[in-house]
Structures are given as structure tokens and as C-alpha cells.
Amino acid sequence: MTTLLQIVVHASLAAWLALPVALLVLAGWCIRLAAPERQQRCWRIGQILMAGSFLASTLIGGLLVADAAGVATGLPEAAAPLGLYPDGLAVWMALLISFLGGVLLRFADGYLQGDAGRARFLPWCLVVLASVMLLVFTHHLLVMLVAWVGVSLALHHLLTLYPERIEAQRAAWQKFAVSRLGDLALLAAVLLIYRHYGSFELPVLLAAAEASTGEGWALPAASVALALAALCKCAQLPLHGWLMKVMEAPTPVSALLHAGVINLGGFIWLRLYPLFDGLTPGHLLLIAIGGTTAIVAVLTMLTQASVKHALAWSTCAQMGFMLFEIGLGAYTLALVHLLAHSLYKAHSFLASGRTVHAARCSRLTPAPSRERLLMAGLAGGMAGGVLLAWPGLVSHNPVLGALLALAVGGALLGMPAGLGLRQRLTLAAMALALVPLYALLHALISPALPLAAEPLSLASALLGAAVLVALVGLALAVTLRPHHPAVARWRIHFRQGLYAHLPLERGIDQLMRLRLPATRRVDTITVRGEWS
């Protein structure tokens with residue numbers, strides 16, 4: 001039995017170690033192949049590697065569960081010499097990457113048939129997947145930094161898949177510049193962490209963090225640098241403009257970006273937050289900018305007529321919420337958010353054609369505002385009562401509890417008119433089901449993350465509460481009074497994201513000498529938005 005367990009441990013770790021290398025070798029091989037049938041073989045091999053990665057990650061997850069149950073698997077001891085860090089976070093991320101990578105490769109295989117960029121797509125997509133896996137698997141901060149940069153450089157080649165599309169090239173170079181800012185910020189964070197702890201290896205750092213008091217200036221400065229790196233990667237205000245302009249890339253590229261790569265800013269924080277002593281200046285920066293981005297992006301999303309642009313603003317908003325949650329110390333919620341958003345956004349982009357068809361269907365007439373507010377208030381109050389009785393469901397975090405209660409109430413603000421009492425109660429029960437559903441997900445995923453040193457501070461609570469109040473006030477105004485003159489006056493400004501992207505965009509254009517001729521403006525408002 002022991003021998004069999006050792007075989008499973010070493011085979012699973014060997015698969016984790018070999019997969020990024022195999023993907024890189026496959027990428028180099030398919031570049032050299034000109035025959036279509038040989039290229040098609042590369043597509044099949046790539047899908048097989050993704051399936052193998054999912055299997056190996058499942059085995060490692062099972063070994064971690066066995067370790068927690070008291071079975072001595074020897075997994076950490078076997079992983080350390082290989083430079084791997086197989087903890088719960090790495091397993092959840094590996095399962096996500098393997099599943100999405102397999103789905104994307106299968107979808108792109110058919111979607112890009114006959115496309116001129118098909119031969120260039122596969123190798124760079126494989127490099128992106130290999131770099132993300134390396135970022136997730138490694139226990140060394142310098143390797144993590146190299147993988148972080150590799151993801152960005154490989155994605156740049158996918159975003160510039162069509163050289164003849166000038167606006168796509170312009171947007172890709174804007175992202176390239178923002179990504180380099182993020183790279184420098186992450187490099188600074190890594191060096192500051194090394195200055196404080198004297199090591200680049202994650203197990204050593206975590207052990208030192210448990211024994212350290214966190215005194216000195218290096219860790220607070222590292223938290224700010226890490227926050228800047230996450231804000232760049234997650235396309236937060238005012239560094240978000242490129243995200244709305246890379247829609248000319250193929251749909252599989254959009255899905256890879258929005259469902260995978262853009263989440264890495266959140267992952268890097270979930271990986272490194274145990275190194276900091278409670279909440280830091282970096283956390284406050286994430287609350288302020290992530291919360292502001294979420295507010296602006298949500299309201300901007302409601303004004304978009306293009307499905308892909310609405311999805312892009314949705315991604316910007318969701319990343320803002322995820323970083324907002326990390327800033328509050330709600331790390332388990334942030335990981336749930338990351339996993340759920342990745343799956344949801346991949347499906348949204350890959351099924352965007354059906355989304356267009358659904359958007360053309362007639363909308364249901366909403367119920368009177370008084371009825372909707374009454375139902376939302378009752379459901380939100382009940383959810384708040386449950387969370388007050390069991391505060392452990394939200395890690396004793398009142399701001400997180402308020403956020404969950406608002407989510408329950410907000411689910412009923414779209415209640416249509418003409419429903420009977422039984423149907424209204426059914427909708428209310430479905431909204432309230434968010435609380436036990438989150439409790440279940442929290443219980444399932446929270447063991448993957450270390451306990452936070454300090455769940456909430458006064459500054460973060462006040463800042464988080466201000467963001468929630470602003471979000472609720474503006475959302476209620478837009479939802480309940482869409483035709484009010486003040487709301488209508490601001491609608492055109494929110495359609496352009498309050499022009500927050502323009503200063504950085506113009507600066508990057510001047511820096512990179514991208515003085516491209518202005519394209520003719522085309523009014524794409526063909527479908528009525530939420531505010532119309």
C-alpha cells in the first residue's frame with residue numbers, strides 16, 4: 001500500500017513538473033509543421049495534455065485530503081526538491097486551468113478552421129497555458145515572476161493575431177505598456193519581500209512570516225507594489241482602456257483573456273497574502289481602486305449595446321469586486337469569485353452568439369418599484385438576520401455580510417410584473433438560497449487558504465462601507481429611475497466609462513508613437529440598453 005501511494009505521489013508530481021515543459025515543446029514543434037494533418041495532430045495532443053493535467057491535479061487534490069485526514073502521503077517532502085508547491089490553492093487553480101484549457105482548445109479547433117491565424121494561434125495559446133501552469137505550480141518567487149512576464153508576452157502575440165487590424169494592434173500595444181508597469185511592480189514586490197525575509201522560496205517565506213512580527217518598511221512597501229501589479233493585470237481604473245479595445249481578437253483569445261489571464265492579479269495576492277502582517281496599505285489601495293472600478297464598470301456595462309463590450313466591462317467590474325474582497329481580507333470569497341467568474345466568463349464568450357440572439361428577445365415588464373423594493377428589502381433583511389446569527393459564514397466580516405445581503409436583495413430588483421404570491425415566494429427563496437450556497441462553497445474552498453492574520457481593520461471597514469453605500473445608491477437610481485433627467489444626463493458619460501481611460505491612453509500613444517489615423521466613428525447603439 002505504501003509503495004502504491006508513493007507511486008501515485010511521484011507520478012502526479014512528475015506530471016505537474018512535465019506538463020509546462022511538454023506544452024512548450026509542443027508549441028515549438030507545431031510552429032515547424034506546415035502540413036495541415038500534422039498541425040491537427042498538435043491540436044489533439046494539446047487537448048490530451050490538458051486532460052492529463054486535470055487527472056494529475058485531481059490525484060494531488062486527493063492526496064492533500066488524505067494528508068489532512070492524517071495519512072502520511074509524503075507529498076510536501078517529495079514536491080520540495082522539484083520546486084513545486086502543491087497546496088489547495090494550486091490544486092483549485094490547476095483544475096480550473098486544465099478544464100478551461102481543454103475546452104478552449106477544443107472550441108478553437110473548430111472555430112478557427114480556415115482562418116488565416118489558426119496556425120499562429122495554437123503555439124502561443126500553448127505558451128500562455130504553460131506559463132500560467134508554471135506560475136501556479138512553482139514555489140520560487142523568481143520563477144513566478146518569469147512566468148508572470150511569459151503569460152503577458154505570449155498573450156500579446158494572440159492579441160495581435162491579425163496584423164491588418166490597426167485598432168487591435170493599437171490596443172494590444174497599450175496593454176503591452178500597462179503589463180510592463182505591472183511587471184516592474186511585481187519585481188519590486190518580490191525584491192522587497194526578499195529584503196525583509198531573505199529568501200525567494202515560498203515554504204521558507206511562510207515559515208518566516210509565522211515567526212515574524214512584520215516590523216519595518218519593506219513589507220508595507222511590498223504590499224503597495226503588489227497591489228499595483230494586480231491593478232495592472234486586472235485592468236483596473238485608470239489602466240483599463242485596453243481591455244475594451246481588444247475585442248477584435250478571435251473569440252477563443254477573448255475567452256482565454258477574460259476567463260483566465262486577467263484573474264492572475266487576484267491569484268498572486270491569494271498566494272502571497274500570508275506574508276503580510278494583517279491588512280496593509282496595499283489592501284487599502286485594492287479596496288479604494290477596486291471598489292471604484294466596480295462601481296464605474298457596472299454602470300458603464302448597463303449602457304453598452306455590443307455584447308462583447310458589455311462582457312468586457314463586466315470583467316472589469318468583476319475584477320474590481322475580487323480585488324475589493326481581497327482588500328477586505330475576504331480571501332475565501334475572492335477565490336470563490338475567481339473560480340466562478342472564470343467559468344462563467346468562458347461560457348459567456350464562447351456562447352456570445354446565442355447571447356446576441358437572447359438580447360433581441362422582448363424584455364419582461366418589471367413590477368412596480370414599490371413591490372420590488374419591498375421584496376428585495378424583506379429578502380435582504382432575512383439574509384442579514386441569518387448572517388448575524390451565524391457570522392462565521394462571512395468570517396465575522398460585517399462588510400462582507402452586508403455585501404452578501406445586498407446580493408440577495410439585488411436579485412429581486414428585476415422581478416417582473418404579474419406574478420402571483422406563490423411565484424414571488426419562489427423567487428425570494430431562490431434569492432435566499434445564495435446564503436447556504438455560499439456557506440457550502442466557503443466550507444469546500446476555505447481549507448485551501450491559510451487563515452488571515454487580521455480579518456478587518458477600522459480603515460478598511462470604513463472605506464469598504466463607503467464603496468458599498470455608493471454602489472447601492474447609484475444602482476438603485478439606475479434600476480428604479482432609468483428615465484430620470486439626472487440619470488439620463490449621465491448615461492452618455494457612463495457609456496464612455498467616464499473617459500477615465502483617456503489620459504493613460506494618450507500618454508501611451510505618444511510614448512510609443514502610435515499616431516494612427518482616426519477611424520470613422522460608427523454608432524453601434526442598435527439594441528436598447530438598460531438605461532434606454
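Leaving aside its neighbours within four places in sequence, which residues is Phe121 in contact with? Before I answer, let me say that what we have here is a predicted model, and everything that follows should be heard with that in mind. Once those sequence neighbours are set aside, Phe121 is in contact with Trp43, Ala108, Leu112, Leu158, Leu161, Pro252 and Val253.

Phe121 also belongs to the largest nonpolar core, a set of 169 residues, where it is listed with Trp16, Ile268, Trp269 and Leu270 as having the most contacts inside that core. The element that gives the most to this core is helix H5, residues 118-137, which supplies 13 residues.

Let me turn to Ile97, which is found in helix H4, residues 88-111. With a relative accessible area of 10%, Ile97 falls under the 20% cut-off, and so it counts as buried. Apart from neighbours within four places in sequence, its contacts are Met50, Leu129, Val132, Met133 and Val136.

Finally, a helix pair: the axes of H7, residues 166-197, and H9, residues 218-233, come within 8 Å and cross at roughly 155°. Because angles over 145 degrees count as roughly antiparallel, that is how H7 runs relative to H9. The crossing in which H7 passes H9 is left-handed. On the H7 side the contact includes Val178, Leu181, Gly182, Ala185 and His196, while among the residues from H9 are Ala218, Leu219, Leu226 and Cys232. Sorted by character, the residues of this contact comprise 18 nonpolar, two polar and no charged.

Definitions and conventions
Residues are numbered from 1 along each chain as its sequence is written. This is a predicted model: local features need pLDDT of at least 70, side-chain atom pairs count only at pLDDT 80 or more; totals for chains, interfaces and linings use all residues. Side-chain values use heavy atoms; hydrogens and water are left out. Axes are lines fitted to C-alpha atoms, for helices over the stretch in contact, and angles run from 0 to 180 degrees between N-to-C directions. Helices (H or I, at least four residues) and strands (E, at least two) are DSSP runs, numbered from the N terminus. Angles under 35 degrees count as roughly parallel, over 145 as roughly antiparallel, 65 to 115 as roughly perpendicular and the rest as oblique. A crossing is left-handed if the near helix is turned anticlockwise from the far one by less than a right angle, and right-handed if clockwise. Contact means heavy atoms within 4.5 Å. Ala, Val, Leu, Ile, Met, Phe, Trp, Tyr, Cys and Pro count as nonpolar, Asp, Glu, Lys and Arg as charged, and the others, Gly among them, as polar. A nonpolar core is a set of buried Ala, Val, Leu, Ile, Met, Phe, Trp, Tyr and Cys residues joined through side-chain atoms within 4.5 Å. Buried means under 20% relative accessible area, exposed over 50%, partly exposed in between (1.4 Å probe, protein chains only).
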